[in-house]
Amino acid sequence: MTDRIGFIGVGTMGEPMCRNLARKSGIEVLAADRDNAPLERLAADGVKAASVDEIAESCRTILLSLPGGKEVEQVCLGPGGLVEKARLGWTVIDLSTAPVSLARRLYAEFEGKASAFADAPVARTRQAAIDGTLSIMVGGTPECFARIEPLLRHMASEVTYCGDAGSGQAVKILNNMILFQTGVALAEALTIARVHGVDGKVLFETLTKGSADSFALRNHGMKAMLPGIFPERAFSSEYALKDLSYAIQMAEEKGVPALGADVARELMERAVELGHGKEYWPVLIKAIEDATRK
């Protein structure tokens, strides 16, 4: 078997990650996706379009970048999935955000086929994926992490070993839960300021100088909420709701109250009802503004 890398899922985040991998690794990359457009763009970087079956046949290292747990489960555990095809020496790396329980199940399934599995969800923006400055959180064995870390560093400036299988997903999901709750606070503050005649730009710029400063403020608040720019093909409200559901599921499994996460979910669900499901998730401010006018 030749030294090739398979990359399944080259969507909003997967395409730039795959491109960086192809440009920097010096290893031939085969990519699969239902949409031909990103595959055609990636061809300019030497990435070869392939089917999942072709990737399974010719690649020992396979990366997944899929919308969520449902898709990961289908590709890995569905009929003719990767678990069925797994061979001695395979390494499967899931860059998607998926439930912790699924990551632990996949680890056990692949280990049973003498293959390695690591959950390695990514954080930061699409621009970070383009720039190769993502943060990747990894769950799996220390030996697997040592082997895949150099590969992940072609796509990320921060690669953190979080512990056993599922730990990467747990840390990523909780990272997003905190981010969304911070987004709710920013949206509430901005709306309250505006209805009281305070300039939103003054509010947010002043907050950067005090204890309320944060990554969410500088990026999601100042670059999205303040100007009211919520593009599609970014991290949508629908995707954010998926990640929130994973966090709430984690809390419910252990009886932990997650009241802040519940509020964030309620506002995002309302934003989706208002027609903003495909837009960048800070659009949840629209749910607050809509309620304010009533």
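Where is the place of arginine 233? Arginine 233 sits in the loop between α11 and α12, and one of the close-ups below comes back to it. Everything shown here is a predicted model.

**View 1. The whole protein, before zooming in.** Here's the overall picture: 14 helices and nine strands make up the secondary structure of the protein. The C-alpha trace spans about 65 × 45 × 35 Å along its principal axes. For 294 residues, a compact globule would come out with a radius of gyration near 19 Å, and the protein has 20 Å, which agrees. Buried residues make up 51% of the 294. If you like contact maps, take the contacts with a separation of 6 or more: 68% of them come from residues 24 or more positions apart. The accessible surface is about 13,400 Å², and carbon and sulfur atoms own 53% of that. As for charge, there are 33 positive and 38 negative ones, with mean positions 3 Å apart.

**View 2. A salt bridge between strands β1 and β2.** Side chains of opposite charge can pair when their charged atoms come close. In this close-up the pair is glutamate 28 and arginine 4, with 3.0 Å between the closest N and O atoms. Glutamate 28 belongs to strand β2 (residues 28-32) and arginine 4 to strand β1 (residues 4-8), so the salt bridge ties together parts that are 24 residues apart in sequence. Glutamate 28 counts as partly exposed, at 26% relative accessibility. Arginine 4 is partly exposed too, at 24%. A search of the whole structure turns up 18 salt bridges, and two others get their own views next.

**View 3. Aspartate 45 and arginine 19, a buried pair.** The side chains of aspartate 45 and arginine 19 meet in a salt bridge, 2.9 Å from N to O. Aspartate 45 is in the loop between α2 (36-42) and β3 (48-49), while arginine 19 is in helix α1 (residues 14-25), so this pair links parts that are 26 residues apart in sequence. Are the two partners buried or exposed? Both aspartate 45 and arginine 19 are buried.

**View 4. A salt bridge within helix α6, and a network elsewhere.** Glutamate 109 and arginine 105 form a salt bridge whose closest N and O atoms are 3.9 Å apart. Both residues lie in helix α6 (residues 100-111), four residues apart, or about one turn of the helix. An α-helix has 3.6 residues a turn, so residues three or four places apart point the same way. Glutamate 109 is partly exposed, with a relative accessible area of 31%, and arginine 105 is partly exposed as well, at 41%. Elsewhere, salt bridges that share partners join Glu15, Arg19, Arg23, Arg41 and Asp45 into one network.

**View 5. Valine 138 and its neighbours.** Strand β8 (residues 134-139) is where you'll find valine 138. With a relative accessible area of 1%, valine 138 is buried. Which residues does it touch, not counting those up to four places away in sequence? The list includes Ala118, Asp119, Ala120, Phe145, Ile148, Leu152, Tyr161 and Cys162. For a distance check, the C-alpha atoms of valine 138 and aspartate 94 are separated by 9.3 Å, and the two residues are 44 apart along the chain.

**View 6. What covers helix α14.** Helix α14 (residues 285-292) has Ile285, Ala287, Ile288 and Asp290 as its buried residues. Among the elements covering these buried residues are α9 (167-195), α11 (215-225) and α13 (259-276).

**View 7. Glutamate 238 in helix α12.** Glutamate 238 is part of helix α12 (residues 237-253), and at 33% relative accessibility it counts as partly exposed. Leaving out residues up to four places away in sequence, glutamate 238 touches Gly277 and Lys278. The C-alpha atoms of glutamate 238 and histidine 276 are 8.8 Å apart, with their positions 38 residues apart along the chain.

**View 8. Two arginines with positive phi.** Arginine 124 isn't a glycine, yet its phi is positive, about 95°. Arginine 124 is in the loop between β7 (122-123) and α7 (126-131), and is partly exposed with a relative accessible area of 41%. Arginine 233, back in the loop between α11 and α12, also has a positive phi, near 60°.

Note on methods:
Residues are numbered from 1 along each chain as its sequence is written. This is a predicted model: local features need pLDDT of at least 70, side-chain atom pairs count only at pLDDT 80 or more; totals for chains, interfaces and linings use all residues. Side-chain values use heavy atoms; hydrogens and water are left out. The radius of gyration is taken over C-alpha atoms; the globule rule is 2.2 Å times the number of residues to the power 0.38. Buried means under 20% relative accessible area, exposed over 50%, partly exposed in between (1.4 Å probe, protein chains only). Contact means heavy atoms within 4.5 Å. Accessible areas come from the Shrake-Rupley method with a 1.4 Å probe; for residues, only the protein chains shown count as cover. Lys and Arg count as positive and Asp and Glu as negative; His and the chain ends are not counted. The place of a charge is taken as NZ of Lys, CZ of Arg, CG of Asp or CD of Glu. A salt bridge is a side-chain nitrogen of Lys or Arg within 4 Å of a carboxyl oxygen of Asp or Glu.
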